[in-house]
Amino acid sequence: MPSRFEAEALRHWVRNKWVPECGKTLHRRRKEAGLSLVQLADMSDLTPATISRIENGLLVPNDATRALITFALGARVEEIWPAIPQQRALEIAGAPGQAA
């Protein structure tokens with residue numbers, strides 16, 4: 001079980017690196033599809049504000065929201081929100097003896 005410090009380090013990385021990168025990927029994929037915020041929001045049954053907050057790294061969507069967005073874009077969830085491999089998570093958290 002990770003220590004409090006390790007868990008906080010991982011949360012910090014997720015909030016400050018992973019979430020914004022996923023938002024940038026979503027923004028790029030939406031633009032490549034030729035969709036406006038309003039169009040993607042309508043197609044995914046969300047509000048434009050929600051899409052904007054996700055794209056700007058201010059909101060972490062739940063699994064259902066991710067599925068709605070990726071379905072509307074004709075993409076797979078992991079193309080926009082890739083899983084964080086366990087080994088990478090341990091490296092980020094600075095778990096003792098786990099860094100490569």
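**Exercise 1. Place Thr65 and its contacts.**

Which residues is Thr65 in contact with, leaving aside its neighbours within four places in sequence?

*Solution.* Thr65 touches Leu46 and Ile54 once those neighbours are set aside. Contact means heavy atoms within 4.5 Å. This is a predicted model: local features need pLDDT of at least 70, side-chain atom pairs count only at pLDDT 80 or more, and totals for chains, interfaces and linings use all residues. Residues are numbered from 1 along each chain as its sequence is written, and side-chain values use heavy atoms, with hydrogens and water left out.

Next, the element. Thr65 sits in helix 4. Helices are DSSP runs (H or I, at least four residues), as are strands (E, at least two), numbered from the N terminus.

Then burial. The relative accessible area of Thr65 is 14%, so Thr65 is buried. The classes are buried under 20%, exposed over 50% and partly exposed in between (1.4 Å probe, protein chains only).

**Exercise 2. Describe how helix 2 packs on helix 4.**

At what angle do the axes of helix 2 and helix 4 cross?

*Solution.* Start with the principle. Two packed helices are described by the angle between their axes and the distance between the axes.

Now the values. Helix 2 (residues 37-44) and helix 4 (residues 63-73) have axes that come within 8 Å and cross at roughly 115°. Axes are lines fitted to C-alpha atoms, for helices over the stretch in contact, and angles run from 0 to 180 degrees between N-to-C directions.

Classify the angle. Helix 2 and helix 4 are therefore roughly perpendicular to each other. Angles under 35 degrees count as roughly parallel, over 145 as roughly antiparallel, 65 to 115 as roughly perpendicular and the rest as oblique.

List the residues. From helix 2, Leu40, Met43 and Ser44 meet Leu68, Ile69, Ala72 and Leu73 of helix 4. By class, this contact of helix 2 with helix 4 has 6 nonpolar, 1 polar and no charged residues. Ala, Val, Leu, Ile, Met, Phe, Trp, Tyr, Cys and Pro count as nonpolar, Asp, Glu, Lys and Arg as charged, and the others, Gly among them, as polar.

**Exercise 3. Locate Ala83.**

Is Ala83 buried or exposed?

*Solution.* Find the element. Ala83 lies in the loop between helix 5 (77-80) and helix 6 (86-93). Its relative accessible area is 68%, so Ala83 is exposed. Last, a distance: 9.9 Å separates the C-alpha atoms of Ala83 and Trp18, which are 65 residues apart along the chain.

**Exercise 4. Summarise the chain.**

How many helices and strands does the chain have?

*Solution.* The chain has 6 helices and 0 strands. Buried residues make up 33% of its 100 residues.
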